[in-house]
Amino acid sequence: SLSPLTSQTRERYAKQTKKLKRLGFFVNFDIQFLFFSNKFVWKTFEMPPRKRRKVDNKAKSSSKTSSHGNKDTRTYSHWLMKSEPESRLEKGVDVKFGITELKAEPNQTACWDGVRNYQARNFMRDQMRVGHKAFFYHSNCKEPGIAGLMEIVKESYPDHTQFDSKDPHYDSSSKKDNPKWFMVDVKFVRMMKRFIPLSELKALHLEHKSTGGPLQNMALFTRARLSVQPVSKEEFDFILSLEDQKSEVLT
């Protein structure tokens with residue numbers, strides 16, 4: 001359609017169009033000015049829609065994603081699991097469980113109960129598989145660090161302690177028909193050839209952050225509060241290689 005267009009109208013449309021484009025909007029019409037009967041007129045012409053750039057929805061990494069909304073979507077097969085080797089009473093119960101206690105269990109196997117962090121639970125529930133290897137990490141003690149190796153021998157099932165009112169990890173909001181918390185069974189594999197202290201790992205982590213080494217993003221330092229942590233294959237192999245090296249860090 002044609003209609004008279006004053007200079008003020010032309011200027012207003014030009015400013016509005018420029019502003020919209022600057023803000024990232026796509027103006028899907030074109031204003032053309034015509035001289036007709038000694039007057040400027042304008043006419044709108046519908047333009048074809050702009051082609052949108054195709055978005056590649058495929059993950060850039062070849063790693064599989066995990067279920068249940070884990071923030072970390074990579075799939076792991078190596079872990080670091082923390083437990084306390086020194087006595088500490090929690091609600092009147094001693095929660096001490098070091099690698100020597102695991103070794104003393106029947107068949108050197110025990111359930112890994114008491115995890116009450118959702119992300120740690122998700123790692124156990126969604127990703128841990130029979131045959132996965134894990135570092136047994138001594139935490140909340142005089143000298144924290146990696147004490148030994150264990151293996152996942154039973155995949156996730158409901159943690160019985162959430163239903164036991166006498167247990168320090170009791171959760172009254174969890175129901176047997178819809179449990180919140182899960183655990184796995186682990187089996188002692190061996191002690192480390194030498195204890196790998198946290199101080200040594202931390203020094204290497206700081207060094208690798210600047211040099212690009214294998215421990216630069218280790219969850220032990222980037223997600224320190226997690227009691228169950230993923231370990232990449234590169235991190236796992238590097239830490240094992242430390243067994244045959246003398247620590248240069250004073251503990």
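How many bridges join S9 to S10? The two strands run antiparallel and are joined by 10 bridges; strands count as paired if DSSP finds at least two bridges between them.

Before the selections begin, note that this is a predicted model, in which local features need pLDDT of at least 70 and side-chain atom pairs count only at pLDDT 80 or more, while totals for chains, interfaces and linings use all residues. Residues are numbered from 1 along each chain as its sequence is written, and side-chain values use heavy atoms, with hydrogens and water left out.

**The whole chain**

Display the protein chain as a cartoon: its secondary structure comes to 6 helices and 11 strands. These elements are DSSP runs numbered from the N terminus, helices being H or I runs of at least four residues and strands E runs of at least two. Colouring by accessibility is a useful next step, since 37% of the 251 residues count as buried. Here buried means under 20% relative accessible area, exposed over 50%, and partly exposed in between, with a 1.4 Å probe and protein chains only. Among contacts between residues at least 6 apart in sequence, 68% join residues at least 24 apart, a contact being heavy atoms within 4.5 Å.

**Strands S7, S9 and S10**

Select strand S10 (residues 182–197) together with strand S9 (residues 145–158). Within this pairing, Ile146 has Ile196 in S10 as its bridge partner. Then add strand S7 (109–111), which runs antiparallel to S10 and is joined to it by 3 bridges. Ala110 is matched there with Val186 of S10. When side chains are switched on, recall that in a regular strand they alternate between the two faces of the sheet.

**The loop before S7**

Step back from S7 to the loop between helix H2 (99–104) and S7, where Asn107 is found. Its phi is near 60 degrees, a positive value in a residue other than glycine. Gln108 lies in the loop between H2 and S7 as well, and this residue, also not a glycine, has a positive phi of about 55 degrees. Most residues other than glycine have a negative phi. Are these two side chains buried or exposed? Asn107 counts as exposed at 61% relative accessibility, whereas Gln108 is partly exposed at 26%.

**The largest pocket**

Select Lys82, Glu84, Asp113, Gly114 and His169, which lie nearest the centre of the largest pocket among its 28 lining residues. Strand S4 (78–83), strand S6 (93–94) and S7 each give two or more residues to this lining. The pocket has a volume of about 840 Å³. By class, its lining has 10 nonpolar, 7 polar and 11 charged residues. In this classification Ala, Val, Leu, Ile, Met, Phe, Trp, Tyr, Cys and Pro are nonpolar, Asp, Glu, Lys and Arg are charged, and the others, Gly among them, are polar.

A pocket is an open set of points on a 1 Å grid over the protein atoms alone where a 1.4 Å probe fits, with protein on both sides within 12 Å along at least five of seven lines; lining residues have an atom within 4 Å of a point. Grid points are joined across faces, edges and corners, and a volume is the space filled by probe spheres set on the points.

**The second largest pocket**

Move next to Arg74, Tyr76, Asn217, Ser232 and Glu235, the closest to the centre of the second largest pocket among its 14 lining residues. Its volume is about 190 Å³. Helix H5 (219–222) and helix H6 (233–241) each supply at least two lining residues. The lining has 5 nonpolar, 5 polar and 4 charged residues.

**Salt bridges**

The structure holds 11 salt bridges, each a side-chain nitrogen of Lys or Arg within 4 Å of a carboxyl oxygen of Asp or Glu. Three are worth selecting in turn.

- Glu200 and Arg194: the closest N and O atoms are 2.7 Å apart. Glu200 is buried at 5% relative accessibility, and Arg194 is buried at 18%.
- Arg88 and Glu84: the closest N and O atoms are 2.8 Å apart. Arg88 is partly exposed at 31%, whereas Glu84 is buried at 14%.
- Glu151 and Lys133: the N to O distance is 4.0 Å. Glu151 lies in S9 and Lys133 in strand S8 (residues 133–138), so the pair ties together parts that are 18 residues apart in sequence. Both count as partly exposed, Glu151 at 24% and Lys133 at 31%.
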